[in-house]
Amino acid sequence: MKITDIIRKAEREGRPRFAIEMLPPLKGDGVQSIFDAIDPLMEFEPAYINVTCHREDVKYVEREDGLLEKRVVRRRPGTVGISAALMRRYGVEVVPHIICGGLSKYDIEDALIDLDFLGINNVLALRGDGLKGEKVFRSHPEGHANAVDLVRQIASMNTGSFIDCEVAHCRNSAFCIGVAGYPEKHAEAPNLDHDIRFLKEKVDAGADYIVTQMSFDNGRILDFIERCRAAGINVPIIPGLKPFATKSQLTVLPQVFHVDLPQELVDRVEKCSDNTEVRKVGIEWAVRQGQELIEAGISLLHFYPMGKTDNMYEIARQLFGNK
């Protein structure tokens, strides 16, 4: 089922749903760790499982002559494989990330063909991050510099058009395309209005729905949705929420994800004596956010548990346990 159909069904039935975003296992690990994280949550029937995609990383290794040698490593490969494994195990929709970073248009086309063969029809199209140490994003020489061009490629495949137009007659794919939105603007955007104009370009190019970056402020999320509607963006918008879990996230989350933390949340976390107390505060905050958004008419929430789901279990129990 397409994500847009899941949303419409939830709205029609008056039954709010949730989704979780998971990381592929580290290279060398098996799939059991991700199964162990997801198994308890299936009690609450997540609408879908989002699977991230990670580009190559760079490390420097000292050689015998004392010079440093640059090596490319991939720490979390397997997005397509783990997506198929999750769909097979749980019978739930999966949404793998497709990114521009480090991939050519041909690499992307091959991945999309594999997904189509596997019956995976939902994707999240993202530009992705730059390499560590790079000040600006650098695309693959034969790739895309922006998510809007990635959306165009996926939408073209849905009409039976491949990169080199080498297929005269073919069965069209039917990908439901999601894209990212930023209630507090993308870090590279000069302001939110400018960012929303770029978001509308992605929708006009073929995006079917939007998942927002994490935000801890419902006022900003709802204002973002209103501003999107005013700009002519009418596709579903799924708010992204992050269960706060450690004191270190007071600095890590703003640095990495460029989000503001409400002062009330900061004050409560700073008063905690350890991370056990922080997790309790994080659960309470996420539940309150979820309740307020559901009351505002949101039918699907997207959670970023970052691979740790024990706190997510309690959040799902309180928000969706008696649905």
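Two strands are taken to pair if DSSP finds at least two bridges between them. In this predicted model, that criterion is a handy way into the surroundings of strand β6, residues 122-126. Strand β5 (residues 93-99) runs parallel to β6, and three bridges join the two. One residue match can be picked out here: His97 has Leu124 of β6 as its bridge partner. The connection between these strands passes through helix α4 (residues 105-118), and β5, α4 and β6 together form a right-handed β-α-β unit.

Strand β7 (residues 176-181) also pairs with β6, again in the parallel sense and over three bridges. In this case Val123 is matched with Ile177, its bridge partner in β7.

How, then, do the side chains of β6 point? In a regular strand, side chains alternate between the two faces of the sheet. Asn122, Leu124 and Leu126 point one way from β6, while Val123 and Ala125 point the other way. Residues on both sides are buried, and the strand is mostly covered, with five of its five residues buried.

Turning to the nonpolar cores, the largest comprises 63 residues, and Ile49, Leu86, Leu112 and Phe303 have the most contacts inside it. Helix α5 (residues 147-158) gives the most to this core, contributing six residues. Another core, of 31 residues, lies apart from it and includes Leu124, Val259, Val269 and Trp285.

Ile49 also merits a closer look. Leaving aside residues up to four places away in sequence, Ile49 touches Ile20, Met22, Ile38, Leu86, Tyr90, Val92, Glu93, Val94 and Val95.

Technical notes
Residues are numbered from 1 along each chain as its sequence is written. This is a predicted model: local features need pLDDT of at least 70, side-chain atom pairs count only at pLDDT 80 or more; totals for chains, interfaces and linings use all residues. Side-chain values use heavy atoms; hydrogens and water are left out. Buried means under 20% relative accessible area, exposed over 50%, partly exposed in between (1.4 Å probe, protein chains only). Helices (H or I, at least four residues) and strands (E, at least two) are DSSP runs, numbered from the N terminus. A crossover is right-handed if, with the strands pointing away from the viewer, the path from the first strand over the helix to the second runs clockwise. A nonpolar core is a set of buried Ala, Val, Leu, Ile, Met, Phe, Trp, Tyr and Cys residues joined through side-chain atoms within 4.5 Å. Contact means heavy atoms within 4.5 Å.
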